[in-house]
Amino acid sequence: LKPIDDAELEQTVHRATRAVATKHRIQGLSRKAQAVEGVIRASAPYFAFERTAGKLSDRQVQKAVDYISSHFAEDLSAKALAAILHCSESHLFKLFKNKTGYTVLEWITHYRMKAAITLMKEPSARIYEIAGKAGYKDVRYFSGVFKKHFGVTPTEYRNAE
């Protein structure tokens, strides 16, 4: 109301500004919490993946797992892996699925996503660099696979850390 008390107006503007800032902070924290929750929920299969990797008894499957772990950043395919192991693709698929509970391609993807999460801890690494080091040439494809597995994009994951 007129006349305006300058001090009262200034206090009112400061209170409104603080209220808006607090609301934005709460919304940001809520989004981060949802992102972290999504990653935690999606990570459960990776713990099973780790346990499975340590229990392999079949030598051929163990060789495949070892090869994947040391060559995951390369252009890997089931056909190439079968050729390296001197067996047919169908034999490798059956054997791998029976011994691990995962397909060869699921295993490669799991390993690459695990590597990506590890690489994300380096704050100076860019997403496209992480994608390349994790075995993905196309950063958009990498982001899509990451979101499918963890429920958040690589950027959202990094911002939630």
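What pLDDT does the protein average, and what share of the residues score at least 70? In this predicted model, the average over the protein is a pLDDT of 82, and 79% of the residues reach a score of at least 70. Confidence varies between the helices, being lowest in helix H1, which spans residues 6-53 and has a mean of 68, and highest in helix H6, which covers residues 127-133 and stands at 95.

The secondary structure of the protein consists of eight helices with zero strands, so that the order of elements from the N terminus on reads α-α-α-α-α-α-α-α. The chain comprises 161 residues, of which 33% count as buried. Where contacts in the protein join residues at least 6 apart in sequence, 62% of them link residues at least 24 apart.

The packing of helix H2 (residues 59-71) with helix H5 (residues 104-120) can be described in further detail. The axes of H2 and H5 come within 10 Å and cross at roughly 40°; because this angle is neither under 35 degrees nor within the range of 65 to 115, the two helices, H2 and H5, are oblique to each other. The crossing in which H2 passes H5 is right-handed. On the side of H2, the contact is made by Val65, Ile68 and Ser69, while H5 contributes Trp107, Ile108 and Tyr111. By residue class, the contact of H2 with H5 comprises five nonpolar residues and one polar residue, with no charged residue taking part.

Definitions and conventions
Residues are numbered from 1 along each chain as its sequence is written. This is a predicted model: local features need pLDDT of at least 70, side-chain atom pairs count only at pLDDT 80 or more; totals for chains, interfaces and linings use all residues. Side-chain values use heavy atoms; hydrogens and water are left out. pLDDT is the predictor's confidence in each residue, from 0 to 100. Helices (H or I, at least four residues) and strands (E, at least two) are DSSP runs, numbered from the N terminus. Axes are lines fitted to C-alpha atoms, for helices over the stretch in contact, and angles run from 0 to 180 degrees between N-to-C directions. Angles under 35 degrees count as roughly parallel, over 145 as roughly antiparallel, 65 to 115 as roughly perpendicular and the rest as oblique. A crossing is left-handed if the near helix is turned anticlockwise from the far one by less than a right angle, and right-handed if clockwise. Contact means heavy atoms within 4.5 Å. Ala, Val, Leu, Ile, Met, Phe, Trp, Tyr, Cys and Pro count as nonpolar, Asp, Glu, Lys and Arg as charged, and the others, Gly among them, as polar. Buried means under 20% relative accessible area, exposed over 50%, partly exposed in between (1.4 Å probe, protein chains only).
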